[in-house]
Amino acid sequence: MLNEKKQPRGMIIVISAPSGAGKTTLVELLRKDFPDIYRSVSCTTRSERKGEAHGKDYIFVSDEKFKKMVENNEFAEWAEVHGNMYGTPKAALEESLAKGKDVLLDIDVQGAEKIRELYPNALFIFIMPPSIETLRKRLLSRQTENKDSLEIRLKQAVNEMRYHSSYNYTIVNEDLKKAELELKSIIKKEKKKSLL
Ligand code: 5GP
């Protein structure tokens, strides 16, 4: 059984955002200043994108393997996002927390809800794009989506943005530098609070 009270001071930081909101960039910038935060590596059934590395960005698995992992209760949470399966490996998460390490979970709003049930003391941060139009432009310039997948992601984005009020903090990423500073100051403030 998970017991929040017995957990040393490792803090779970959940960051969610619609794709194209700039979350990946912000997470990378955050990790430069906070190299001790462990970024959980999710399992996914989606195919590997150019530039991604197996084991670093994701653990890429087959549908069958993912299903087995769900059956074996290997995920702290899992969800279907944009037609693919994603899950947070439980063992690595719990191992880090037990060592008192802070863990960053870059997961969607469904996964965040499950983590909220399991770890009510986790910190939840939502990154918002300034507008849907900006999001469309960012996704187009990223060129990782085909037209159908772009439309799915935009529709999903509108849906996901409705959840932002259940997060502890919402950062609007209009200006990357400002958003970066805001994110870092939230982490510093919350880390301090958790040590009191
Ligand atoms: P992408 O395919 O663009 O890397 O990620 C798509 C979405 O899946 C993002 O919102 C990302 O946060 C989410 N995601 C990545 N890993 C996980 C996970 O382990 N669990 C859940 N619930 N969502 C995840």
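This report walks through two sheets, a bound ligand and two unusual backbone angles in a predicted model.

Some ground rules before the tour. Residues are numbered from 1 along each chain as its sequence is written, and side-chain values use heavy atoms, with hydrogens and water left out. As the model is predicted, local features need pLDDT of at least 70 and side-chain atom pairs count only at pLDDT 80 or more, while totals for chains, interfaces and linings use all residues.

**The two sheets**

Helices (H or I, at least four residues) and strands (E, at least two) are DSSP runs, numbered from the N terminus. Two strands pair if DSSP finds at least two bridges between them.

One open sheet has 5 strands in the order E2-E7-E1-E8-E9, with parallel pairing. Its edges are strand E2 (38-39) and strand E9 (169-172), each of which pairs on one side only. Inside this sheet, strand E1 (residues 12-16) runs parallel to strand E7 (residues 103-106), joined to E7 by 4 bridges. Isoleucine 13 has leucine 104 of E7 as its bridge partner.

Another open sheet has 4 strands, ordered E4-E3-E6-E5, and here the pairing is mixed. Strand E4 (59-60) and strand E5 (75-81) are at the edges with a single partner strand each, so one side of each has no neighbour in the sheet. Strand E3 (residues 43-44) and E4 run parallel and share 2 bridges, with cysteine 43 opposite isoleucine 59 in E4.

**Around the ligand**

What surrounds the ligand? There are 18 residues around it (a heavy atom within 4 Å), and the closest are Lys23, Ser42, Arg46, Tyr58 and Tyr86. By class, this shell has 6 nonpolar, 5 polar and 7 charged residues; Ala, Val, Leu, Ile, Met, Phe, Trp, Tyr, Cys and Pro count as nonpolar, Asp, Glu, Lys and Arg as charged, and the others, Gly among them, as polar. E5 and strand E6 (84-89) each supply at least two residues of the shell.

Here are some polar contacts of ligand oxygen atoms (pairs of N or O atoms within 3.5 Å):

| Residue | Protein atom | Distance to a ligand oxygen |
|---|---|---|
| Aspartate 106 | polar side-chain atom | 2.7 Å |
| Arginine 153 | side-chain N or O atom | 3.1 Å |
| Glycine 87 | polar backbone atom | 3.2 Å |

The protein covers 95% of the 510 Å² of accessible area that the ligand has on its own (Shrake-Rupley method, 1.4 Å probe).

**Two odd phi angles**

Which residues other than glycine have a positive phi? Asparagine 73 is one of them, with a phi of about 60°, and asparagine 73 is found in the loop between helix H2 (63-71) and E5. Histidine 82 is another, with phi near 50°, and its place is in the loop between E5 and E6.

Notes. A polar contact is a pair of N or O atoms within 3.5 Å; within protein, one must be able to donate a hydrogen and the other to accept it, and residues adjacent in sequence count only if both atoms are side-chain atoms.
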